[in-house]
Amino acid sequence: MSSGDSQKDNHWHRTKGLMILHLSIWFIFSFVVHWFASNLNQITFFGWPLGFYMAAQGSLIVFVVQLFIFVKQQEKVDRECGVAED
Amino acid sequence: MAMKGTFIDNLPKVYGMYTGGFLVFIALMAFAESMGMSAEAIGIWFVTFTVFIYAYIGWMSRTMQVDAYYVAGREVPPVFNGMATGADWMSGASFVAMAGGIYMGGHPYLAFVVGWTGGYVLVAVLMAPYLRKFGCYTVPDFIGTRYGGNLARFLAVLVLIVASFTYVTAQINATGTIAAAVLQIPFELAVWIALGAILLCAMLGGMRAVTWTQVAQYIVLIIAYLVPVFWMSMKQGFGSFPQFEYGAAVAKLAELEVMHQVGVLKPVAAQAGLSALTVKHSVASSDPIAAFRFVTLVACMMMGTASLPHILMRYFTTPSVRDARRSVAWSLLFIFLLYFTAPALATLTKLQVLDPSLATSIIGKSIADVNALDWIVKWSNVGFLKIVDSNGDGILQINEFFMRGDIVVLATPEIAGLPAFISGLVAAGGLAAAMSTADGLLLAIANALSHDLYYKMIDPKADTKKRLIVARVLLIGIGAAGSAVASLRLTGILGSVAWAFDFAMSGLFFPLVLGVWWKRANRAGACAGMAVGLAVGSWYLYMVKWGGMAPWWGIDDLRFGIIGALASLIAMVVVTLMTAPPDAETQAMVDEIRVPKGKSVLDMSH
């Protein structure tokens, strides 16, 4: 196996790690949080019932922030493994 | 004004000027209104002015190059591609129907808001960068090359057409509804005018024209969506950033719901197509079935997002893999701006109607007074609203006021007593949302037929000119078919939109994801996955919608993708494992798409 291949293996290994990390966060804010919406609604968050807030805004903010962070992280992985473009 | 450099270099300047020009136009309309121009004339001005601009951009972007026609020359910068995706994505349903759905349906309806944003996490993490590296023109192009063989390509085209055609009829329907209302012409005629406007944007320049009109349409639709909400919020004293401050309004609504007995008083007699408010705004049911229905709807909308070809193909237009990934994040940000506003809009509008301390409220008022209000008269006349004094006391109760949820966004400026030019702006925004999505969908269908079916399978020797002429003829044909179906008015706007997501996820989600993430996945498995997913999903939809079958665990026709995708996954994995692994060349190709560096896969094979 050439060093190019091991670099690619390393890159894919780290890419998969990032994928699992981000899909876990995604899973929590897509499903787990809303599964407990009626319990969360007992808590008030700046006037909103928390379960309603998470569906109307909270999860959405998490997704947006998460994606910009993911982009940074993946670009770093690509660079460090020498497979970034240019 | 002289421009240095290419069009791409000048994008911020061009669209900055465009946005400024649009704001000036809004100010002009406000001025015209104060000078006595009628609301109808203002509406017509807004719609014709914006459509004229889109058509102008479409004309300027005309092309006879294959790369420009199919993937906008792969030169769209991430931020602008994000805006174009935003317009491509946010349909008539998002713009017109979503806030109304939340207004009528409360918390359960927010599953759409969560699903239609979170899906982009899947797009960014699992798909877009890899498909961009692949370098294809269409989604079936990826399936056809990754798995090999005409059958795989054909099945991908089939799923694409079923999903996108379901979706596009709803968009032509929405475009026609708005055109009919503003221009005051019959709906059956309006859908054909709508189609003409849609084709003007897409036909001459393909993806390049659609890209640059979609950016323009995003700017119109987001301004049109945000302005009324900010205005209404300032008027009601909920601060200048209602999205972050409407918590107090939600709390207030909960008190008013008790006072007006929302959910206690039920309608005495049903009104066809209309409904009275019976659901509390922010209450989430503690019933596990309700939670299950919420998360399954979220799952369908997300996986559908990540499988819809008209969205995925937007990421083929960026200059690089890195830009494709960045562009998904920008897309989500631009979409988020509208989606986190929709619940605020629904909340503030509902408050306008329910809060007796506001002059605009109608519940608890005398029915004679309410019937004299302009917006009540206007929307009653077209049958979208109805007041029935079922207990005969002359006072309007919550269960005596019926309306179609779809009208909330369009009627909000009137309900809240905002000036008429705001209504014209909102109509232009709704039109931009529906037209831009229709453009993307029509192009996705026509491109799959012209590139995958005609060029790749029927006539691989066709020259560029012939290919592009075929592409345009197909575009017109598909558009005409869509309009013909839309004019039959088979389903409401939202029903068919949700189905499009379910069809797409049933047939394409796993073949696409596993094509990148599972090297072992092979042709037989992918074909089985697409065929079984589409067949089982369609069968389940038919059985629960028309066949009289009781839905399994509350999975109704809006969620049939759960069943379809599950069947697709099982079929794909089982058949793949029973047949031989893909050859070394295919495995090397998968390795290649996993790294951003280097030429695109299709470029190397040419």
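These entries record what I looked up in a predicted model.

**Conventions.** I number residues from 1 along each chain as written, letter chains from A in the order written, and leave out hydrogens and water. Local features need pLDDT of at least 70, side-chain atom pairs count only at pLDDT 80 or more, and totals for chains use all residues.

**Chain B overall.** I counted 26 helices and 2 strands in chain B; helices (H or I, at least four residues) and strands (E, at least two) are DSSP runs numbered from the N terminus. I then looked up the radius of gyration, taken over C-alpha atoms. Chain B has 24 Å, which agrees with the value near 25 Å for a compact globule of 606 residues. Its C-alpha atoms fill a box of roughly 80 × 65 × 40 Å along the principal axes. I noted that 62% of the 606 residues are buried, where buried means under 20% relative accessible area, exposed over 50% and partly exposed in between (1.4 Å probe, protein chains only).

**Helix H19 of chain B.** I found 6 of the 8 residues of helix H19 (residues 408–415) buried, so the helix is largely enclosed by the rest of the structure. Among the buried residues are Val408(B), Thr412(B) and Ile415(B). The buried residues pack against several elements of chain B, including helix H5 (92–105), strand E2 (401–403) and helix H20 (420–458); contact means heavy atoms within 4.5 Å. Gly417(B) follows H19(B) and has a positive phi, near 70°.

**Ile28 of chain A.** I placed Ile28(A) in helix H1 (residues 3–35) of chain A. Ile28(A) counts as partly exposed because its relative accessibility is 39%.

Terms used:
Rg over C-alpha atoms; globule rule 2.2 N^0.38 Å.
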